[in-house]
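Work through the exercises below with the coordinates open. Try each task before reading its solution.

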Amino acid sequence: MSSVWLVPDGLDGERVDAAAARISGLTRSRVEALIAQGAVALNSRVVGKSDRVRAGDLLEVNLPSQPRLAVTPREVAGIRIVHDDADIVVVDKPAGVAAHPSLGWDGPSVVEHLAAAGFRISTSGAAERQGIVQRLDVGTSGLMVVAKSEPAYTALKRAFKARTVEKVYHTLVQGHPDPFEGTIDAPVGRHPGAEYRMAVIDGGRHSVTHYAMLEAFPAVTLLEVHLETGRTHQIRVHMQAIRHPCVGDPTYGGDPVLAARLGLDRQWLHAVRLGFTHPGSGDWVEFRSDYPPDLAHALDLVRG
């Protein structure tokens, strides 16, 4: 699929990778990959990522066609409906469940569960992601909101982009962060050597994580985390970057021996609180979630 845009005056002189990302809405890393494949052109000429655009140029991006993913309704054990009204449904997602179907994932998803349960959700977005305005990793449990109406979808997408949504997580990390309260401001992008991982890299997307100690133990620390941005694997990547990976997260440096001792087969990371302006009423609403049994059990073992 090919898309063509006229470069606006405001992007005159920008590098083509930055301009293409701004215009198309694709991530910078995705644009760089397309440029490497020769799929980005200016005025019908294939370009490199450091080439510059000029106002009035015709920017063309060729995206490979993606197979359509079917949403097969299926009920998923463990998903809890926290709130439901005409505009939104708030879900407490268990670990092992994706937000929506995707290539390479044949496990259960929130979207499929809502379809099986008879929920009518917004039709905005790709077919397999309709209504999804935020995502949690498969191995992360906790709260997420799904839009049911079209106005709600638009309003919530704007709220997440404007960073007016309060997203609070608790995570158990290895060791003791120094200081016990701080901010990690480090760009996150696709790991150059492993497509399935993210990393702190130059040229990554702006990513900010605020954390504070809740409890400290001999070998681990329980943190409360506030996300200012919402990048893929952000908390896990940022915790690894400060050398205090999430317990139970071997993908990002977690000790498998410690995870086994605590009975964990996934990262100790839970979305405990979600707050936002309700897209229908305009009121501030807030939802909370308790730790699921596996995380609660691991924390009890740590506390002794």
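## Exercise 1. A salt bridge across the chain

D84 and K148 form a salt bridge, with their closest N and O atoms 2.7 Å apart. The model is a predicted one.

**Task.** Place both partners of the D84–K148 pair in the chain, then state how far apart they are in residues.

**Solution.**
1. D84 sits in strand 5. K148 lies in the loop between strand 7 and helix 4 (150-162).
2. The two are 64 residues apart, and the pair links distant parts of the chain.

**Task.** Is D84 buried, partly exposed or exposed? Classify K148 likewise.

**Solution.**
1. Take the cut-offs: buried is under 20% relative accessible area, exposed is over 50%, and partly exposed is in between.
2. D84 has 41% relative accessibility, so D84 counts as partly exposed.
3. K148 has a relative accessible area of 18%, so K148 is buried.

## Exercise 2. A second bridge from strand 5

**Task.** Find the partner of R80 and give the closest N to O distance.

**Solution.**
1. Side chains of opposite charge can pair when their charged atoms come close.
2. The partner is D92, and the closest N and O atoms of the bridge are 3.1 Å apart.
3. R80 is in strand 5 (residues 80-84) and D92 in strand 6, 12 residues apart.
4. R80 has 41% relative accessibility, so R80 is partly exposed.
5. D92 has 10%, so D92 is buried.

## Exercise 3. A network of charges

**Task.** Start from R273 and E286, then extend the pair to a network.

**Solution.**
1. R273 and E286 form a salt bridge, with the closest N and O atoms 3.8 Å apart.
2. R273 belongs to strand 14 and E286 to strand 15 (residues 284-288). They are 13 residues apart.
3. R273 is buried because its relative accessible area is 14%. E286, at 36%, is partly exposed.
4. The network of salt bridges links E166, R273, E286 and R288.
5. A search of the whole structure gives 14 salt bridges.

## Exercise 4. The cavity

**Task.** How many cavities of 30 Å³ or more does the structure hold? Which residues line the largest cavity?

**Solution.**
1. Rolling a probe the size of a water molecule over the atoms shows where empty space is left.
2. The structure holds one cavity of 30 Å³ or more. The largest cavity has a volume of about 40 Å³.
3. Its lining consists of Q134, L143, K167, V168, Y169, A271, R273 and L274.
4. Strand 8 (166-174) and strand 14 (269-277) each give at least two of the lining residues.
5. By class, this lining has five nonpolar residues, one polar and two charged.

## Exercise 5. The second largest pocket

**Task.** Which residues are the closest to the centre of the second largest pocket? What classes make up its lining?

**Solution.**
1. The volume of the second largest pocket is about 170 Å³.
2. Of its 16 lining residues, D92, P94, H270, P292 and P293 are the closest to the centre.
3. Strand 6 (88-93), strand 7 (141-147) and helix 7 (293-303) are the elements that contribute two or more residues to this lining.
4. The lining has five nonpolar, five polar and six charged residues.
5. Now look at H270, which is in strand 14. At 1% relative accessible area, H270 is buried.
6. The C-alpha atoms of H270 and G139 are separated by 9.3 Å. Along the chain, H270 and G139 are 131 residues apart.

## Exercise 6. Covered helix, nonpolar surface

**Task.** How many of the residues of helix 5 are buried?

**Solution.**
1. Helix 5 spans residues 234-241 and is mostly covered, with six of its eight residues buried.
2. The buried residues are Q234, I235, R236, V237, H238 and M239.
3. Just after helix 5, R243 has a positive phi of about 65°.

**Task.** Which residues form a nonpolar surface patch with L6? Is L6 buried or exposed?

**Solution.**
1. V4 and L58 join L6 in the patch, and the three have about 290 Å² of accessible area together.
2. L6 is in strand 1 (residues 2-6).
3. The relative accessible area of L6 is 58%, so L6 is exposed.

Note on methods
Residues numbered from 1 in each chain as written. Predicted model: local features only at pLDDT ≥ 70, side-chain atom pairs only at ≥ 80, totals over all residues. Heavy atoms only, no water. 1 Å grid on protein atoms, 1.4 Å probe; cavity = no way out; pocket = protein on both sides within 12 Å on 5 of 7 lines; lining within 4 Å. Points joined across faces, edges and corners; volume = space filled by probe spheres on them. Helix = DSSP H or I, 4+ residues; strand = E, 2+ residues; numbered from the N terminus. Nonpolar A, V, L, I, M, F, W, Y, C, P; charged D, E, K, R; others polar. Patch = residues over 30% accessible without salt bridge, like charges linked within 9 Å, V, L, I, M, F, W, Y side chains within 5 Å. Areas by Shrake-Rupley, 256 points an atom, 1.4 Å probe, with all protein chains shown as cover. Salt bridge = Lys/Arg side-chain N within 4 Å of Asp/Glu carboxyl O. Buried < 20%, exposed > 50% of the residue type's maximum accessible area, 1.4 Å probe, protein only.
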